[in-house]
Amino acid sequence: MDAIPYLAGASALLGLLLAGFFFKNVKAADPGDERMVFLMTEIQNGSKAFLKKEYSWVSVFVAAMAILIGVLIAPAAAATYVIGAGLSALAGYIGMTVATMANARTTEAAKDGPGKALSIAFRGGAVMGFSVAGLALLGLMAVYIVFVLVIQIDDAFEVVTAYGLGASSIALFSRVGGGIYTKAADVGADLVGKVEAGIPEDDPRNPATIADNVGDNVGDVAGMGADLFESYAGSILAPISLVAFALGLGAEQASAVTNISLLSFPIAIAFAGMLASTIGSFFVGGSTSTDTKELSKALHRGTNVAMGLVAAATIGTVYWLFGNNDAFDNPLGLAVSVIGGLVAGWALGKTAEYYTSDHYSPVRKIASQTETGPATTLLGGISTGMISVTASVSLLAIGVGIAYWGGEMAFDKIGALDGGIYGIAVAAIGMLATTGMVVSVDAYGPIADNAGGIAEMAKLDPSVREVTDALDSLGNTTAAVAKGFAVGSAALTALALFKSFEFAVIKAGGSLSLNVGEVDVFIGLFLGAMLPFLFAALTIDAVGRAAQEMIEEVRRQFREIPGLREGVPGVNPDSARCVAISTTASLKEMIIPGSLAVVIPLVLGFISVDVLGGFLAGALVTGFCLAIFMANAGGAWDNAKKYIESGHHGGKGSECHKAAVVGDTVGDPFKDTSGPAMNILIKVMTIVSLVFASAFVG
């Protein structure tokens with residue numbers, strides 16, 4: 001058992017080696033002709049410039065938080081906070097760099113059919129996937145080994161938990177900043193290009209096209225990578241912190257047999273998940289068909305293999321760690337919890353696929369509603385998103401119930417630690433055990449999207465665009481599936497961290513009430529329920545303001561540059577101006593919503609921990625529901641537009657298509673800005689509360 005953290009660290013190194021292998025594989029592929037290489041380079045330069053600027057802004061916040069943590073908690077906690085933030089930023093930068101290499105190579109491969117193109121797009125995404133999982137696990141194990149096992153400092157687990165807060169800080173700003181960037185460019189490009197000027201998506205005449213393709217990388221690759229880095233690290237930390245704070249463990253007590261089993265179990269599942277993801281990545285095959293169902297089977301085969309391997313490994317692990325310990329009644333119960341979480345995550349992803357794929361009735365219904373204009377299109381998307389919340393919440397409730405039952409089956413209580421709550425905590429790592437594969441499949445989507453843009457801008461044969469459009473349509477669905485995993489794990493992780501917060505308050509000599517009959521808790525509950533709506537409003541409004549500026553700039557260029565709109569040879573748009581608009585607007589607009597998640601819990605915590613407790617509970621419930629609603633409504637609008645573009649309801653350029661573009665435009669900030677940031681919001685607030693619990697009571 002003592003070797004488990006070291007084995008997990010070794011598996012993380014294996015994941016990073018696999019990322020290096022896939023990087024070489026992608027780099028060796030043909031990037032295409034001179035025009036394609038030029039476009040690829042423009043997108044890459046714009047993405048790198050934005051990310052460097054964003055990280056320089058966020059580093060100021062990280063430095064301020066590190067000082068605060070060092071003063072109020074411990075200098076060692078400040079160090080682990082910075083490590084978590086630094087590795088999260090590094091993972092995003094690596095993934096974005098490779099994604100911007102893979103786009104033109106995917107376009108070139110699409111000339112030979114969907115099979116080869118799918119393989120390159122997936123391998124480009126896999127660099128992101130295994131960089132995220134590898135760096136997150138390696139950093140966490142390094143922190144755990146140094147501070148808990150080797151140095152054995154006082155309050156070792158508070159120090160380890162700060163690593164998760166560092167990852168959360170980068171994730172929040174990356175998701176918000178990148179999301180505002182990508183959707184400002186996307187909305188501006190679509191409304192002026194497709195609706196007003198009547199030119200195709202990604203047309204080289206459109207000045208916002210390059211900015212739009214840059215946005216796919218900074219928002220949907222770097223931002224998404226930081227999001228899943230934080231989710232993965234948080235899902236491992238949640239059960240560890242729960243055990244440590246519930247049992248009042250210091251580093252010395254962590255070596256007791258029962259304690260080390262409870263602490264090592266989530267690490268062992270992460271170890272098994274990394275190995276399973278590594279094996280599963282080689283099962284992703286090609287497809288000779290552009291049918292998204294066939295492409296989906298080829299892409300998801302690796303994820304399904306990885307999930308099966310994790311389930312089998314979990315059963316063996318529980319008997320290894322708990323089988324000979326009389327403190328546990330039936331170790332199989334913990335396997336039920338983990339596998340229940342894994343299945344619940346898969347079911348949430350499948351639910352998202354049902355509501356966002358054009359193979360099913362919800363999206364086709366929205367497409368048919370475009371026959372009567374934009375208003376009915378918007379109503380259809382809103383109702384679809386809302387209905388999807390019912391299914392997702394029901395699945396989550398079932399998953400929580402199964403996880404709790406499994407935990408209770410394993411043990412009733414060990415000290416103050418409730419078996420059912422521990423079962424819920426390990427269910428979260430079950431959901432994200434295959435993070436390497438989940439992120440790989442998600443990052444595939446923006447690469448396929450960029451590939452389509454390059455095909456259009458390079459004026460390649462329409463057959464190439466047909467292949468890239470099929471890959472892109474699948475990418476919208478895989479993104480919705482990954483968001484299902486992320487938001488589901490966020491709810492379970494936040495619940496476990498919330499319980500850890502309660503124990504941390506008690507350990508520090510305070511008390512926490514969650515009785516809604518008490519006015520402090522009641523006020524906090526309503527404040528928490530309100531915050532996700534405020535956060536969503538601020539981020540959507542930020543996209544609207546940035547998009548407005550982008551729209552005016554695109555209109556100006558069409559108006560003032562002779563021959564641009566007509567496509568006169570040699571007349572090129574000023575794409576750099578549009579990139580600069582998105583960069584400046586997104587960085588400025590991310591500050592207020594990003595800061596809210598940290599500042600409000602700190603303020604409330606120093607006023608009353610009971611108010612803060614109610615606040616966290618309210619934010620968790622409404623944040624989860626809003627995240628599901630926005631992600632699925634946005635995905636449904638997007639694929640309804642693509643369904644029409646494939647030739648249904650009049651096809652491209654028809655009135656139905658224009659109505660669908662309006663729906664997609666509204667859905668853009670829903671699915672790529674506000675919705676994805678919501679799951680980070682609820683976890684950031686909870687982990688901030690946990691890290692600063694002793695300061696609140698003191």
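The following exchange examines how several descriptions of this predicted model are justified.

Modeller: In this predicted model, local features need pLDDT of at least 70 and side-chain atom pairs count only at pLDDT 80 or more, whereas totals for chains, interfaces and linings use all residues. Residues are numbered from 1 along each chain as its sequence is written, and side-chain values use heavy atoms, with hydrogens and water left out.

Colleague: Why are F328 and F411 called an edge-to-face aromatic pair?

Modeller: Rings of Phe, Tyr and Trp (its six-membered ring) pair if their centres lie within 6.5 Å; planes under 30 degrees apart count as stacked, over 60 as edge-to-face and the rest as tilted. The centres of F328 and F411 are 5.5 Å apart and their planes are at 90°, so the pair is edge-to-face.

Colleague: Why is F328 called buried?

Modeller: Buried means under 20% relative accessible area, exposed over 50%, and partly exposed in between (1.4 Å probe, protein chains only). F328 has 6%, so F328 is buried. F411 is buried too, at 0%.

Colleague: What makes V662 partly exposed?

Modeller: V662 has a relative accessibility of 25%, which lies between the two limits and therefore counts as partly exposed.

Colleague: Which residues does V662 touch, not counting residues up to four places away in sequence?

Modeller: V662 touches P374 and L378, where contact means heavy atoms within 4.5 Å.

Colleague: How do you know that the span of helix α2 is close to the expected one?

Modeller: The expected span is 1.5 Å times one less than the number of residues. For the 39 residues of α2 this is 57 Å, and the helix reaches 56 Å from its first C-alpha to its last.

Key: Helices (H or I, at least four residues) and strands (E, at least two) are DSSP runs, numbered from the N terminus.
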